[in-house]
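Please open the model in your viewer and keep the sequence panel beside it. The tour proceeds by selection, with a short account of what is found at each stop.

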Amino acid sequence: MGERVNVVRDGDSFSVAGFEVSAAGDKHHVSHPDVSPVDNVGFLIDGEVFHPGDALTEVDVPTLLLPGQAPWLTVPDMIGYVRRMAPRRAYAIHDGLINEWGLSVLDDVLAMEAERAGADIRRLRPGESVEL
């Protein structure tokens with residue numbers, strides 16, 4: 001493709017900027033009954049952090065970047081996913097389409113799950129960071 005673009009698929013690994021990255025998954029979560037899912041690959045970084053993209057790909061990982069909202073995502077699907085993954089930490093991402101009321105609901109759902117799981121499950125505020 002070129003020097004700046006490298007296509008990766010499920011199971012591929014590569015190094016970038018000092019990080020070891022593995023690709024996981026292959027298709028976007030179903031978002032419409034009349035449209036076939038497009039390609040989607042998640043990225044596992046240094047065996048520590050997994051960004052699933054727009055899918056609920058399951059990978060054994062300590063830190064999950066958890067889709068918190070999407071047109072294709074329900075709260076039961078989100079909670080089921082984080083429970084199946086059982087990470088020590090999960091930080092909600094993918095919440096740009098919801099207003100302050102929706103963010104409040106998301107925060108409450110995540111807090112309930114964090115208490116149930118005894119894990120750090122929450123949405124980071126803009127500018128907030130965590131040590132992994």
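Begin by selecting Arg 89 and Glu 48, whose side chains are joined by a polar contact of 2.4 Å. A polar contact is a pair of N or O atoms within 3.5 Å; within protein, one must be able to donate a hydrogen and the other to accept it, and residues adjacent in sequence count only if both atoms are side-chain atoms. This is a predicted model, in which local features need pLDDT of at least 70 and side-chain atom pairs count only at pLDDT 80 or more, while totals for chains, interfaces and linings use all residues. Residues are numbered from 1 along each chain as its sequence is written, and side-chain values use heavy atoms, with hydrogens and water left out.

Remain at Arg 89 and add Thr 63: the two side chains make a polar contact of 2.9 Å. Arg 89 belongs to strand 6; helices (H or I, at least four residues) and strands (E, at least two) are DSSP runs, numbered from the N terminus. Is Arg 89 buried or exposed? Arg 89 counts as buried because its relative accessibility is 15%; buried means under 20% relative accessible area, exposed over 50%, and partly exposed in between (1.4 Å probe, protein chains only). Beyond its neighbours within four places in sequence, Arg 89 is in contact (heavy atoms within 4.5 Å) with residues including Pro 62, Asp 120 and Leu 132.

Next, select helix 1 (75–85). At its N-terminal end, Thr 74 acts as a cap, with a side-chain oxygen 3.1 Å from the backbone nitrogen of Asp 77. Within the helix, Met 78, Ile 79, Gly 80, Tyr 81, Val 82 and Met 85 are buried. Display what covers them: strand 4 (49–51), strand 5, strand 6, helix 2 and strand 7 (120–122) are included.

Now turn to the largest nonpolar core, which has 24 residues. Such a core is a set of buried Ala, Val, Leu, Ile, Met, Phe, Trp, Tyr and Cys residues joined through side-chain atoms within 4.5 Å. Phe 50, Leu 64, Leu 66, Met 78, Tyr 81, Leu 110 and Ile 121 touch the most other members. Two or more residues come from each of strand 5 (63–67), helix 1, strand 6 (89–93) and helix 2 (100–117), and helix 1 gives the most, with five. Centre on Phe 50: residues up to four places away in sequence aside, it touches a set including Ala 24, Phe 43, Val 59, Tyr 81 and Met 85.

Move to Ala 86, in the loop between helix 1 and strand 6. Just after helix 1, this residue takes a positive phi of about 50°. Most residues other than glycine have a negative phi. Ala 86 counts as exposed because its relative accessibility is 57%. For a second positive phi, select Asp 46, where the value is near 50°; Asp 46 is found in the loop between strand 3 (42–45) and strand 4.

Finally, select Asp 95, in the loop between strand 6 and helix 2. Which residues does Asp 95 touch, not counting residues up to four places away in sequence? They are Gln 69, Leu 103, Leu 106 and Arg 123. Asp 95 and Arg 123 are 28 residues apart in sequence and 9.2 Å apart in space, C-alpha to C-alpha. Asp 95 counts as partly exposed because its relative accessibility is 21%.
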